[in-house]
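Here is an easygoing tour for anyone meeting this protein for the first time. Have a look at the sequence and the model, then read on.

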Amino acid sequence: MRVVATWICLAAVLFTGGCSITADVYGVVGDENDVFTGTATGGMDGAGSMQLSNGQGTSCVGTFRYFSNTSGAGVLTCSDGDQAQIQFNSLSMSSGFGFGVSRSGRQVKFAYGLSREEAKKYIGGGGVATAPSPGATPP
């Protein structure tokens, strides 16, 4: 299946100039009640971007790059002035999990392309189990 998807994207690159995959992201920063949701979009060149929000006024944007077929790193910059260095491991072409530390010392945990239940296996319980869907208004 992965080979077919790769060939489809390769054909799209040759004929249209690009191919990308977008996945939902669920993350927790510091306190397990500080839940962020959003999306990550990655291109065939290994580079991508993330947009996240906690629904309480803080939003974050960032970039990432794969440095192997299964892992990568990036930086997130948030509207509250904080910044986080992140690392991630892919589980498939469109799913994985990661972690990092913000400049203020808060732990960052996230998963992409996974259901909330699947995400808990990789980043723990807490906020991810009750995170709103991307674009939804938090309770």
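## An aromatic cluster to start with

Let's begin with four rings: Phe64, Tyr66, Phe88 and Tyr112 come together as one aromatic cluster. Keep in mind that this is a predicted model. Across the whole structure, a search turns up five aromatic pairs. One of them is Phe64 with Phe88, an edge-to-face pair with 5.5 Å from centre to centre and 85 degrees between the planes. That pair ties together distant parts of the chain, since Phe64 sits in strand β4 and Phe88 in strand β6 (residues 83-92), 24 residues apart.

Are these two residues buried or exposed? Phe64 has a relative accessible area of 10%, so it is buried. Phe88 counts as buried too, because its relative accessibility is 4%, and the cut-off for buried is under 20%.

Phe88 has another partner in Tyr66. Their ring centres lie 4.9 Å apart with the planes at 85 degrees, so this pair is edge-to-face. It also links distant parts of the chain: Tyr66 belongs to strand β4 and Phe88 to strand β6, with their positions 22 residues apart in the count. Tyr66 is partly exposed, because its relative accessibility comes to 23%.

## Stepping back to the whole chain

So what does the rest look like? The protein's secondary structure is made of two helices and eight strands. Starting at the N terminus, the order of elements is α-β-β-β-β-β-β-β-β-α.

The protein has 139 residues, and 37% of them are buried. Its accessible surface is about 7,500 Å², with carbon and sulfur atoms contributing 57% of that. If you take the contacts with a separation of 6 or more, 29% of them are between residues 24 or more positions apart.

## Strand β6 and its two partners

Strand β6, home of Phe88, pairs with strands on both sides of it in the sequence. With strand β5 (residues 71-78) the pairing is antiparallel and runs over seven bridges. In this pairing, Val75 stands opposite Gln85 of β6. The β5 and β6 hairpin has four residues between its strands, and there Gly81 takes a positive phi near 95 degrees.

On to the other partner. β6 and strand β7 (residues 95-102) are antiparallel as well, joined by eight bridges. Here Gln87 faces Phe99, which is in β7. How many residues lie between the strands of the β6 and β7 hairpin? There are two.

## Two neighbours in one loop

Finally, visit the loop between β3 (47-53) and β4 (59-66), where you'll find Gly57. Thr58 lies in that loop between β3 and β4 as well. Which of the two is buried, and which is exposed? Gly57 is exposed, because its relative accessible area is 67%, and exposed means over 50%. Thr58 counts as buried, because its relative accessibility is 14%.

What does Thr58 touch? Leaving out residues up to four places away in sequence, the contacts of Thr58 are Phe36, Leu52, Ser53, Cys78, Ser79 and Asp80. Ser79 turns up again in the surroundings of Gly57: the two are 22 residues apart in sequence, and their C-alpha atoms are 8.3 Å apart in space.

Technical notes:
Residues are numbered from 1 along each chain as its sequence is written. This is a predicted model: local features need pLDDT of at least 70, side-chain atom pairs count only at pLDDT 80 or more; totals for chains, interfaces and linings use all residues. Side-chain values use heavy atoms; hydrogens and water are left out. Buried means under 20% relative accessible area, exposed over 50%, partly exposed in between (1.4 Å probe, protein chains only). Contact means heavy atoms within 4.5 Å. Accessible areas come from the Shrake-Rupley method with a 1.4 Å probe; for residues, only the protein chains shown count as cover. Rings of Phe, Tyr and Trp (its six-membered ring) pair if their centres lie within 6.5 Å; planes under 30 degrees apart count as stacked, over 60 as edge-to-face and the rest as tilted. Two strands pair if DSSP finds at least two bridges between them.
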